[in-house]
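I opened the model today to look up a few places in it. These are my notes, in the order I made them.

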Amino acid sequence: MAGADPGAHIGELLDRLGREAGPRARETADELVRSVVEFYGEGLARTVRLLRSAPAGSDPLAVLTADELVGDLLILHDLHPDDTMTRVGQALDKVRPYLGSHAGDVEVAGLDTDAAEGPTLRLRLRGSCDGCPSSTQTVRWTIEEAVARLAPEIAHIEVEGVAEAPAEQPLLQIQPRPPDGTPGPPPPSAAPEPPHWHTLAAPALPAHDRTTRVADIDGNALLLVRLPGNLYAYRDRCPGCGADLRTAPLDGEFLSCSACAARFDVRHAGRGEGAHLEPLPLLEEDGAVRVAVPELLGAGS
């Protein structure tokens with residue numbers, strides 16, 4: 001295609017697709033091309049803005065790779081200065097403080113670039129996440145999101161050494177039994193739906209250490225607790241009595257339910273005597289806070 005007009009070539013391919021596959025296929029292809037053009041256009045626009053506003057003497061590549069979209073484009077075209085494993089290490093470093101609250105740590109067991117499903121990262125989770133399967137799933141989601149943001153070329157992640165849910169209980173079944181005729185939770189063998197990640201602005205966050213705040217995301221009430229060094233997110237519901245926790249007093253690192261007086265260790269995945277708060281995946285990086293809301297969270301509330 002040396003010397004050819006790329007735009008004209010794309011137009012020819014779209015015309016051929018319309019003739020061979022029909023007008024609906026052509027419409028889908030046109031939409032796809034528009035989306036790709038918008039994606040690259042936004043990447044170019046951000047590149048120009050970032051370089052123009054970069055401090056004097058700063059490394060242009062460092063400025064560009066700090067932006068998620070531009071960094072993804074550099075990865076896509078093999079122009080990123082850091083290789084895959086370096087970026088995986090950076091991602092894991094971001095989540096290690098969070099994993100510590102679940103009594104765990106993570107290490108790389110290997111990277112299989114020839115796996116049938118695409119580049120597969122194998123991780124080994126050390127620690128039991130307090131033996132809580134929902135805490136384990138929360139850790140999985142947090143790791144997967146962090147890796148996806150810095151190493152999007154990883155197609156699949158396998159995590160070894162995690163606590164599994166008891167066979168008789170569905171993973172993350174945190175809602176009461178619905179009325180007859182209402183769709184219930186998935187069967188025990190069903191994997192939980194992936195969570196939706198949301199960015200929280202400063203007004204929705206606890207402003208100071210040892211304070212709490214309740215945020216509403218898509219009708220789900222989330223309890224945010226800030227302790228020195230970390231921010232934690234839990235479902236705003238006492239697992240013992242079902243009361244909300246928005247008025248629960250915070251004594252050091254322990255939250256006490258105002259209704260039943262049950263105490264929960266905020267820093268250690270919300271564990272308590274005979275019950276466990278429902279932790280939510282949370283990533284705090286570069287001044288932004290992103291929290292994930294699993295599909296099952298709002299059911300039955």
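Which backbone oxygen does the side chain of Thr-120 reach? I found that it is the backbone oxygen of Gly-118, at 2.9 Å. I note here that this is a predicted model.

**Entry on Thr-120**

I placed Thr-120 in strand β2, which covers residues 120-126. I then asked whether Thr-120 is buried or exposed. Thr-120 is buried, because its relative accessibility is 0% and the cut-off for buried is under 20%. Leaving out residues up to four places away in sequence, I listed the contacts of Thr-120 as Gly-110, Leu-111, Asp-112, Ala-115, His-156 and Glu-158.

**Entry on helices α1 and α2**

I looked up α2 next and found 31 residues, 23-53. From its first C-alpha to its last, α2 reaches 45 Å, close to the 45 Å expected at 1.5 Å a residue. Ala-29, Asp-30 and Gly-43 of α2 are buried. What do the buried residues of α2 pack against? They pack against α1 (6-21) and α4 (68-76).

I followed the pair of α1 and α2 further. Their axes come within 7 Å and cross at roughly 150°. I wrote the two helices down as roughly antiparallel, because an angle over 145 degrees counts as such. On the α1 side, I found Ile-10, Leu-14, Asp-15, Leu-17, Gly-18 and Ala-21 at the meeting place. On the α2 side, the residues are Pro-23, Ala-25, Arg-26, Ala-29, Asp-30 and Val-33. Ala-29 and Asp-30 thus appear both among the buried residues of α2 and among those that meet α1.

**Entry on a sheet**

I traced an open sheet of 4 strands in the order β8-β9-β10-β11, and its pairing is antiparallel. Which strands are at the edges? They are β8 (250-251) and β11 (271-272), and each pairs on one side only. Between β8 and β9 (residues 254-256) I found 2 bridges, in the antiparallel sense. One bridge joins Asp-251 to Phe-254 in β9.

**Entry on two positive phi values**

I looked up Asp-78, which is not a glycine but has a positive phi of about 55°. Asp-78 is in the loop between α4 and α5 (84-100). Asp-78 counts as exposed because its relative accessibility is 70%.

I then turned to Ala-261, a residue other than glycine with a positive phi near 70°. Ala-261 lies in the loop between β9 and β10 (263-265). With a relative accessible area of 55%, Ala-261 is exposed.

Conventions: Residues are numbered from 1 along each chain as its sequence is written. This is a predicted model: local features need pLDDT of at least 70, side-chain atom pairs count only at pLDDT 80 or more; totals for chains, interfaces and linings use all residues. Side-chain values use heavy atoms; hydrogens and water are left out. Two strands pair if DSSP finds at least two bridges between them. Buried means under 20% relative accessible area, exposed over 50%, partly exposed in between (1.4 Å probe, protein chains only). A polar contact is a pair of N or O atoms within 3.5 Å; within protein, one must be able to donate a hydrogen and the other to accept it, and residues adjacent in sequence count only if both atoms are side-chain atoms. Contact means heavy atoms within 4.5 Å. The expected span of a helix is 1.5 Å times one less than its number of residues. Axes are lines fitted to C-alpha atoms, for helices over the stretch in contact, and angles run from 0 to 180 degrees between N-to-C directions. Angles under 35 degrees count as roughly parallel, over 145 as roughly antiparallel, 65 to 115 as roughly perpendicular and the rest as oblique.
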